[in-house]
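This report covers the salt bridges, a surface patch and the helices of one model. The sequence and the structure come next.

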Amino acid sequence: MLLRLSIYYPYTLQRKEVHGNMEVMNENIRRRVRVALAERDMNQRDLAERVGMKPQYVSDLLTGRVGKIPSTWARILDALDLELVAVPKGQGKQ
């Protein structure tokens, strides 16, 4: 079973439908990853093994302790009324 969630950098950019700040976007990406794990009957340890990271680092990423979107990207995206989103592969291509 492959993890087929794409998180593009600068991720998939789409127009904001609802105005929000970067923390909301960060949380939306973390939530989408957690949903993808559940859909695949995987846990954080499984993900850590698959991507070659320590389980604690994956936990820190998914709780928001590390891995936030850089503030420079936040300012650029806010200025253009864009947000970062995580979508399954193939759904973000236009």
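Helices here are DSSP runs of H or I with at least four residues, numbered from the N terminus. The model is a predicted one. Helix α3 is followed by G64, which has a positive phi, near 90°.

Helix α3 itself spans residues 55-63, and its buried residues are V58, S59, D60 and L62. D60 counts as buried because its relative accessible area is 15%, and buried means under 20%. The side chain of D60 also forms a salt bridge with R65, with the closest N and O atoms 2.9 Å apart. R65 is exposed, because its relative accessibility is 54%. This salt bridge therefore pairs a buried residue, D60, with an exposed one, R65.

Elsewhere, E27, R30, R31 and R34 are joined into one network by salt bridges that share partners. How many salt bridges are there by the rule used here? The count comes to six. Three of these pairs, including the one just described, are set out below.

| Salt bridge | Closest N to O distance | Relative accessible area |
|---|---|---|
| R30 and E27 | 2.9 Å | R30 8%, E27 23% |
| R40 and E39 | 3.7 Å | R40 14%, E39 54% |
| D60 and R65 | 2.9 Å | D60 15%, R65 54% |

The pair R30 and E27 lies within helix α1 (residues 22-39), where the two residues are three residues apart, about one turn of the helix. An α-helix has 3.6 residues a turn, so residues three or four places apart point the same way. Is R30 buried or exposed? R30 counts as buried, because its relative accessibility is 8%. E27, at 23%, counts as partly exposed.

In the salt bridge between R40 and E39, the arginine is buried, with a relative accessible area of 14%. Its partner E39 is exposed, because its relative accessible area is 54%, and exposed means over 50%.

The surface also carries a nonpolar patch. Which residues make this patch of about 260 Å²? The patch is made by V51, M53 and Y57. Of these, V51 lies in helix α2, which covers residues 44-51. V51 is partly exposed, with a relative accessible area of 44%. That value allows V51 to belong to the patch, because patches are made of residues with over 30% relative accessible area and no salt bridge.

Conventions. Residues are numbered from 1 along each chain as its sequence is written. This is a predicted model: local features need pLDDT of at least 70, side-chain atom pairs count only at pLDDT 80 or more; totals for chains, interfaces and linings use all residues. Side-chain values use heavy atoms; hydrogens and water are left out. Patches are made of residues with over 30% relative accessible area and no salt bridge: like charges are joined within 9 Å, nonpolar side chains (Val, Leu, Ile, Met, Phe, Trp, Tyr) within 5 Å. Accessible areas come from the Shrake-Rupley method with a 1.4 Å probe; for residues, only the protein chains shown count as cover. A salt bridge is a side-chain nitrogen of Lys or Arg within 4 Å of a carboxyl oxygen of Asp or Glu. Buried means under 20% relative accessible area, exposed over 50%, partly exposed in between (1.4 Å probe, protein chains only).
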